[in-house]
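Here are my notes on this model, as numbered points. Please read them with the structure open.

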Amino acid sequence: MKNYDLYATMGTGFEAVVAKELQNLGYNTTTENGRVFFKGNIGDIIKTNINLRTADRIKILLKEFKALDFETLYDQIFNYDWAQLLPVDAKFPVSGRSVKSKLHSEPDIQSIVKKAIVDKMTQQYHRRGFLPETGNLYHLDIYINKDIARISLDTTGESLFKRGYRVEHGGAPLKENFAAGLLKLTPYNGTHPLIDPFTGSGTLAIEAALIARNIAPGLWRNFAFNNFDWVDNNLYKQEIENAKSKISKNHAPIIASDIDQSILEIAKVNANNAGVLDDIRFKQVAIKDFATDLTNGIIIANPPYGQRLKDKTSARKIYQEMGNVLGNLSSFNQYYLTSDVEFEKYFGKVANKKRKLFNGNIRTDFYQYWHTKK
Ligand SMILES: C[S@@+](CC[C@H](N)C(=O)[O-])C[C@H]1O[C@@H](n2cnc3c(N)ncnc32)[C@H](O)[C@@H]1O
């Protein structure tokens, strides 16, 4: 099988987490901002799409070259063997980005690349300047950074955060891969209890259950590669079966609570869709009344942020209640994500560690408190 240069993309701050995930799957990696590179064949493209919890996408790096002018850009793209990648009827949109480069007009970069591919394919397929583009989707992107151009093919389709277990609702859920990334920044592996006292639609608890039971996050969805002509569907079925055979049963308790019963009903539907309803104990309780007999575990949550000024006071009251109730649970490592830079003051304790992360476009801190008692 052909070997490819591959890379995973991810949100800023999660490069090391994705690199670790890839290494655990057996790959050698190199990292740059927002990308982790590795090598592999079609089986590896399938395996990484199905198994990575924190990445956004897996792409094939088709070609990398220096491009200081449009002529070079055209020639380098034209010189690639497009017919071995794209069938004659392929639909192949090209998106373009340029950063700190001589070639900076993104619309021009996009249309030159598209033209070079069309010209080459019409020649290779003996078509007269016309390609139907009525077939399967192959999304290409051209990225020029400091004059180095990279042309890549997306193998993922809809971003990997879309696992396929979630029902839509009006709340502000964490993206699934972001929630998994937060969990991967903790030592959580299912052997100790986990509590999310602001569970909302249940994303952190569900992702924790998937980790605890070693359930691959990509079992319920399709990927762009499913429609590539050169991907054997049997390989895909094999990888799915392989992932299913690794699912385990036993793990420590996962508690998911929230003040709002209606959001808990949504969380239960999501957990059921993900096959982990029986792995999570859902309960309706306000944080001020929260209590647990469990010890030596992890508490993780994104409580309300109070983004709007009028909500700030009530969010800060909740942080005070958290401090009163959770602050005493000193055998737990605790992790809280919020955009409120004064969280520690209201929680009543300075974090052992803070990590800046972007939840979508909201700048947040991940406040980390280590246990003080075994
Ligand atoms: C930012 S959302 C959490 C979103 C969640 N991580 C998800 O992915 O869906 C905050 C949650 O805190 C809950 N909440 C607000 N006040 C609370 C309180 N006093 N006690 C417990 N939960 C509360 C809300 O109902 C909401 O579901």
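1. Helices and strands here are DSSP runs, numbered from the N terminus, with at least four residues (H or I) for a helix and at least two (E) for a strand. Counted this way, the protein has ten helices and 14 strands. Bear in mind that this is a predicted model.

2. Overall dimensions. Along the principal axes, the C-alpha atoms fill a box of roughly 75 × 45 × 35 Å. The radius of gyration is 23 Å; a compact globule of 374 residues would have one near 21 Å, so the two agree. Buried residues account for 40% of the 374. Of the contacts between residues at least 6 apart in sequence, 76% join residues at least 24 apart.

3. Domains. The assignment gives domain 1 (4-154) and domain 2 (176-216 + 231-369). Their C-alpha centres are 34 Å apart. Across the boundary, 15 residues of domain 1 are in contact with 15 residues of domain 2. On the domain 1 side, helix α2 (residues 42-51) supplies the largest share, six residues. By class, that side has six nonpolar, six polar and three charged residues.

4. Helix α2. How much of this helix is buried? Eight of the ten residues of α2 are buried, so the helix is largely enclosed by the rest of the structure. The buried ones are I42, D44, I45, I46, K47, T48, N49 and N51. Their cover includes the strands β1 (4-9), β3 (35-40) and β4 (57-66), together with helix α7 (233-245).

5. Helix α5. This helix (residues 176-184) is largely enclosed too, because nine of its nine residues are buried. They are E176, N177, F178, A179, A180, G181, L182, L183 and K184. What covers them includes two helices, α1 (15-24) and α6, and the strands β11 (298-301), β12 (333-338), β13 (353-359) and β14.

6. The largest nonpolar core. In soluble globular proteins, nonpolar side chains tend to be buried together. In this model the largest such core has 74 residues, and A8, V18, L182, A208, A209, I254 and I300 touch the most other members. Helix α6 (residues 203-212) gives the largest share, seven residues. Where does the core sit relative to the domains? It lies between them, because domain 1 (4-154) and domain 2 (176-216 + 231-369) both give residues to it.

7. A209 and a separate core. Take A209 as a sample member of the 74-residue core. Leaving aside neighbours within four places in sequence, A209 is in contact with I254, V276, D279 and I280. Apart from the largest core lies another, of 22 residues, including W82, I112, I117 and I151.

8. The ligand shell. Which residues come nearest to the ligand? They are P173, F198, G200, S201 and T203, out of 19 residues around the ligand. The shell divides into twelve nonpolar, five polar and two charged residues.

9. Positive phi at two non-glycine positions. D147 has phi near 70°. It sits in the loop between β6 (140-145) and β7 (148-154). N214 has a positive phi of about 55°, and is found in the loop between α6 and α7. Are these residues buried, exposed or partly exposed? D147 is partly exposed, since 15 other C-beta atoms lie within 10 Å. N214 is partly exposed, with 15 other C-beta atoms within 10 Å.

10. D365. This residue lies in strand β14 (residues 362-369). Why does D365 count as partly exposed? It has 19 C-beta neighbours inside 10 Å, and a residue is buried only if 20 or more other C-beta atoms lie within that distance. Not counting residues up to four places away in sequence, D365 touches T338, K354, R355 and K356. L235 is 130 residues from D365 along the chain, and their C-alpha atoms are separated by 41 Å.

Notes. Residues are numbered from 1 along each chain as its sequence is written. This is a predicted model: local features need pLDDT of at least 70, side-chain atom pairs count only at pLDDT 80 or more; totals for chains, interfaces and linings use all residues. A residue is near a molecule or strand if its C-beta atom, placed from the backbone, lies within 6 Å of it. Ala, Val, Leu, Ile, Met, Phe, Trp, Tyr, Cys and Pro count as nonpolar, Asp, Glu, Lys and Arg as charged, and the others, Gly among them, as polar. A nonpolar core is a set of buried Ala, Val, Leu, Ile, Met, Phe, Trp, Tyr and Cys residues joined through C-beta atoms within 7 Å. A residue is buried if 20 or more other C-beta atoms lie within 10 Å of its own, exposed if 12 or fewer, and partly exposed in between; C-beta atoms are placed from the backbone. Domain bounds come from an automatic or database domain assignment. Two residues are in contact if their C-beta atoms, placed from the backbone, lie within 7 Å. The radius of gyration is taken over C-alpha atoms; the globule rule is 2.2 Å times the number of residues to the power 0.38.
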